[in-house]
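Q: I'm new to this one. Could you walk me through the strands and the pockets, and tell me what backs up each label?
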Amino acid sequence: MALILMLSIGHATAQTPRFLGDGHAMLKVNTDKKYILLPVEEKEENAHIRVVKDNRLVKTFNCRLAVDKVDYFVPYEVGKGELFDITFTGNTRFTGAINDFTCWKRMAYSDSFDTTDREKHRPLYHHTPAYGWMNDPNGLFYKDGTWHLFYQYNPYGSQWENMSWGHSTSKDLVHWTAEPMAIVPDALGAVFSGCCVVDKENTAGFGKDAVVAFYTSAGTRQVQSMAYSTDGGKTFTKYADNPVITSNVPDFRDPHVFWNEEAGHWNMLLAAGQQMSIYSSSDLKEWKHESDFGAEYGCHGGVWECPDLMKLKVNGTNKEKWMLVCNINPGGPFGGSATQYFIGQFDGKTFTCEDEPGETKWMDYGKDHYATVTFDNAPDGRHVGVAWMSNWQYANQVPTKQFRSANSIMRDYGLFEHGGETYCSVMPAKEMDAVRGARVKSPAEACEIVVTLKGDAQLTLRNGKGEKAVITYDAEEQTIDFDRRRSGDVSFSDAFPCIVTSPTYGQVKTLRIFIDRCSVEIFDGEGKMAMTNLVFPSEPYDRLTVKGKAKATVYRLKK
């Protein structure tokens with residue numbers, strides 16, 4: 001469903017560009033309006049736009065400017081007197097003459113940009129960007145009663161490009177407010193994934209309780225940069241001496257920093273190829289490389305990314321252990337991206353894994369769970385995290401246009417023991433309890449289903465179009481399957497229609513199933529399994545069939 005923004009009264013058509021060649025044009029932006037609205041056609045190649053003012057380059061970005069038709073518009077906040085120097089990379093034998101491109105006819109000036117939701121698949125209680133592309137969650141932190149969620153963001157289209165940090169805030173981890181972009185590209189490159197920490201003791205010298213962000217500057221090489229905020233995360237100032245860490249490793253990114261109380265210093269984890277590099281610092285500016293982990297452990301089917309490291313209690317015991325989180329793409333258990341983890345001990349310098357080198361433990365056995373990271377400074381000692389709810393196999397092609405990608409519901413992490421081993425427990429964040437509404441007879445586009453199990457069972461979610469998603473519990477095999485092969489629109493990727501399977505590490509007594517317009521998330525009531533999957537039904541599932549030894553109760557979810 002495309003976003004078509006009608007150019008009504010109050011919009012002024014942009015002036016005629018100057019054409020310099022088959023793929024080159026210049027457009028003088030001369031307006032008192034706030035935005036120039038850029039028409040996007042997703043099948044086209046990116047046009048490269050250099051923004052020049054007073055003979056100086058002030059910004060560069062890429063946008064799939066419309067050649068034949070407009071899928072949707074994106075806004076660019078203009079400065080009066082700017083010059084757009086635009087280079088098209090498409091083959092003119094196929095695109096035609098540049099002066100006939102649709103973008104020149106539909107490009108317009110406006111004081112506003114319409115973000116009214118036009119997507120039938122936009123979630124009702126999951127975090128999404130108002131418009132544009134989103135992938136990895138970044139820079140999560142809690143401060144003064146507010147949860148801050150930053151994310152990889154492209155404001156100039158709904159496919160991956162122009163990586164910046166978008167920003168949203170929440171008081172309850174369910175309802176989110178869109179904030180202005182936080183960190184944008186500069187001379188060092190695009191702004192890739194990273195983290196934020198609350199510097200309670202002013203170790204960096206930016207002020208007590210300053211919020212310090214670390215991110216990957218992705219230019220010719222990937223290096224680590226820093227920025228700081230003295231207004232609680234609303235605005236950031238980039239550190240003058242960036243980059244703070246460099247390396248000759250090509251894939252060197254996604255810094256995750258935390259204060260290690262036991263060691264008395266800051267630690268940083270960095271994804272470096274197919275291992276994690278561990279650093280220490282006393283002031284967040286000077287970093288010492290301590291060790292590396294992972295060369296012989298876990299899955300190595302793809303690049304390691306987005307690390308995290310935390311100390312957790314083992315449920316029902318007096319034990320505490322460390323969990324190192326490692327997201328990987330490709331190499332997931334069902335293809336594409338996924339989240340693996342390792343259990344062990346950490347002394348502030350070296351992580352020692354207790355798992356066997358060849359063993360892989362997956363945090364979520366769904367198809368759409370990646371880039372999992374946790375919030376810094378979460379209250380009450382909690383470890384609250386979130387995942388990007390998509391898969392790189394088809395993330396750019398899912399059937400939405402106004403925006404692409406949502407995040408999972410927030411989750412609380414812990415540890416549990418089974419069969420002599422320790423595993424990650426995943427529970428819906430306790431804030432989800434507050435949005436559970438009244439019991440209803442049938443599923444709806446936003447609901448929670450609580451299932452009590454006493455043996456084998458099968459639950460089928462279905463709509464009037466015959467589309468269905470099927471959940472099967474095998475008590476003897478101790479597995480749960482999710483079948484989305486006929487769940488709705490599966491045509492956009494051969495990798496999308498599939499059956500995925502999760503171990504349950506013992507018998508399951510209760511399942512909590514969270515349904516939103518484009519997702520089904522399944523949790524064991526004790527946290528022993530989690531499964532996150534996208535679905536795109538043509539209309540909401542409104543029927544539930546239960547077979548076997550199970551009883552299901554449906555609750556509406558408050559918006």
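A: Sure, let's start with a pair of strands: β15 (residues 210-218) and β16 (residues 222-229) run antiparallel and are joined by 8 bridges. This is a predicted model, where local features need pLDDT of at least 70, side-chain atom pairs count only at pLDDT 80 or more, and totals for chains, interfaces and linings use all residues. Residues are numbered from 1 along each chain as its sequence is written, and side-chain values use heavy atoms, with hydrogens and water left out.

Q: What makes β15 and β16 a pair?
A: Two strands pair if DSSP finds at least two bridges between them, and β15 and β16 have 8, so they count as paired. Ala 218, for example, stands opposite Gln 222 in β16. A strand here is a DSSP run of E of at least two residues, numbered from the N terminus.

Q: Which sheet has β15 and β16 in its order?
A: That's an open sheet of 4 strands, in the order β14-β15-β16-β17, with antiparallel pairing.

Q: Why do β14 and β17 count as edges?
A: β14 (190-199) and β17 (237-238) each have a single partner strand, so one side of each has no neighbour in the sheet.

Q: How do you know that β19 and β20 pair?
A: Strand β19 (residues 265-272) and strand β20 (residues 275-281) share 7 bridges in the antiparallel sense. One of the matches is Met 268 with its bridge partner in β20, Tyr 279. The open sheet here runs β18-β19-β20-β21 and has antiparallel pairing.

Q: What makes the largest pocket a pocket?
A: On a 1 Å grid over the protein atoms alone, a pocket is an open set of points with protein on both sides within 12 Å along at least five of seven lines; lining residues have an atom within 4 Å of a point. The largest pocket holds about 1,000 Å³ of space, a volume being the space filled by probe spheres set on the points. It is lined by 36 residues, and the closest to its centre are Trp 259, Asn 377, Gly 381, Arg 382 and His 383. β22 supplies the largest share, 6 residues.

Q: How many residues of that lining are called nonpolar, polar and charged?
A: The lining of the largest pocket splits into 15 nonpolar, 7 polar and 14 charged. Ala, Val, Leu, Ile, Met, Phe, Trp, Tyr, Cys and Pro count as nonpolar, Asp, Glu, Lys and Arg as charged, and the others, Gly among them, as polar.

Key
1 Å grid on protein atoms, 1.4 Å probe; cavity = no way out; pocket = protein on both sides within 12 Å on 5 of 7 lines; lining within 4 Å.
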